[in-house]
Amino acid sequence: MSNKYNKFITALFCTFLGGMLVVSTLLPDKEMSELENRYLQKPPKFSVETVTDGTFMEQAEDYVADHIAGRDFWVAAKAWCERLSGKRENNGVYFGKQDTLLNRVDTPAWEDTPAQAGVSTKQGLLTRLGFVDTLAGNVSVPVYLGIIPSSSAIWADRLPAGAPTADEFSLIDQMYFQSGASTIDMAGALAAHSGEDIYYRTDHHWTSLGAFYGANAIFEAMSLDPLDLDDYQKTTVTDQFFGTTFSTSGVRWVAPDSIDTYVSGEGLKVTSWFGSEPSEGSLYVDSFLEVKDKYSYFLGGRQPLCVIENPQVDGPKVLVIRDSYSDSLAPFLTERFSEVHLFDPRNNLSSVKDYVADNGIDSVLVLYSFSNFATDQNLFVLGR
């Protein structure tokens, strides 16, 4: 009886796997996961080179995982199982205190990791800092470096007991010591307000309030007058924001975040380059409040270049070498700079040195979150 039962369970399991394979094969491939806000793996290309270096099998595994039928359900089910078993992590996300989801941040290598079979050389922090120093030597205007710590560092008291994550404060201090650029104490500015809602609970970005404190740290470093929060009125544009950390974690039991604004944006001229040609942009794009990717409400999301002009401000022009944290920071920067140029090396490989000279830039700010600075593969653009 036991043997028949085992055979039945085995047959049932195999039938289930086979059915999943058939359904997954028949379903059309999705290019984008709205829930996870990322592009899904495309079918791997077969060649002698991709098989030899291992990328074919790696991409094939990612492709199958990304396109399995009911993927969102399985991710959520895994998170529930982890929670019921007493674990406090799923897919690199910690289930933190106060209904907070916190990304595990791995400690990056200081030196380059040599190339090995199937794995190319991995840049260490020293190499990445070298690109910033090259930029500082190439331009005749001040260059500032600001590294934004993650919510896991600022809200370390919300992490599960013993949860491993990088010592970002120590690493940022070491990076600043090594850098030839002027540095901005983003960590200190944010840590001073750790009891406030300066990060989203379901997303890795800082909130508009966190961006406000970050902006004042920048103004202080550049000898500009700080902003007074009492001069602004907070406006909540949505209270139904579930960010990328929520999507990655599989967690479905936490409450949504709110997105707030403080700067109206009236009188500003925004020019966006989503492609090769400029188009009229906006400080805020309301249509994104109706979709999953609500953080793109700020400026309309990722773009190679965006220029914001404020004719009401008689101030300097700043070039920000940026990641997505600068999208919600930009409104505050317009309060002290006549022009804010946002340059994204992930999509813009043109010469930074030439851009500074051609546009009369007065200062350059290299502003990155800690995780993005440690992983961005396009920082070499700073040396162009």
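The legends below describe close-up views of a predicted model. Local features need pLDDT of at least 70 and side-chain atom pairs pLDDT 80 or more, while totals for chains, interfaces and linings use all residues. Residues are numbered from 1 along each chain as its sequence is written, and side-chain values use heavy atoms, with hydrogens and water left out.

**View A. A patch of negative charge on the surface gathers Asp167, Asp173, Asp185 and Glu220.** Patch residues have over 30% relative accessible area and no salt bridge (a side-chain nitrogen of Lys or Arg within 4 Å of a carboxyl oxygen of Asp or Glu); like charges are joined within 9 Å, placed at CG of Asp or CD of Glu. Asp167 sits in the loop between helix 6 (151-154) and helix 7 (168-178); helices are DSSP runs of H or I, at least four residues, and strands are runs of E, at least two. With a relative accessible area of 46%, Asp167 is partly exposed (between 20% and 50%, 1.4 Å probe, protein chains only).

**View B. Strands 3, 4 and 5 form an open antiparallel sheet in the order 3-4-5.** Strand 3 (89-90) and strand 5 (101-103) each have a single partner strand, so one side of each is left without a neighbour in the sheet. Strand 4 (residues 93-95) pairs with strand 5 over three bridges, where pairing requires at least two DSSP bridges. Phenylalanine 95 has leucine 101 of strand 5 as its bridge partner.

**View C. Valine 291 lies in the loop between strand 11 (279-280) and strand 12 (305-309).** Valine 291 is partly exposed, at 33% relative accessible area. Its C-alpha is 9.4 Å from that of phenylalanine 241, 50 residues apart in sequence.

How values were computed. Patches are made of residues with over 30% relative accessible area and no salt bridge: like charges are joined within 9 Å, nonpolar side chains (Val, Leu, Ile, Met, Phe, Trp, Tyr) within 5 Å. Accessible areas come from the Shrake-Rupley method with a 1.4 Å probe; for residues, only the protein chains shown count as cover. Lys and Arg count as positive and Asp and Glu as negative; His and the chain ends are not counted.
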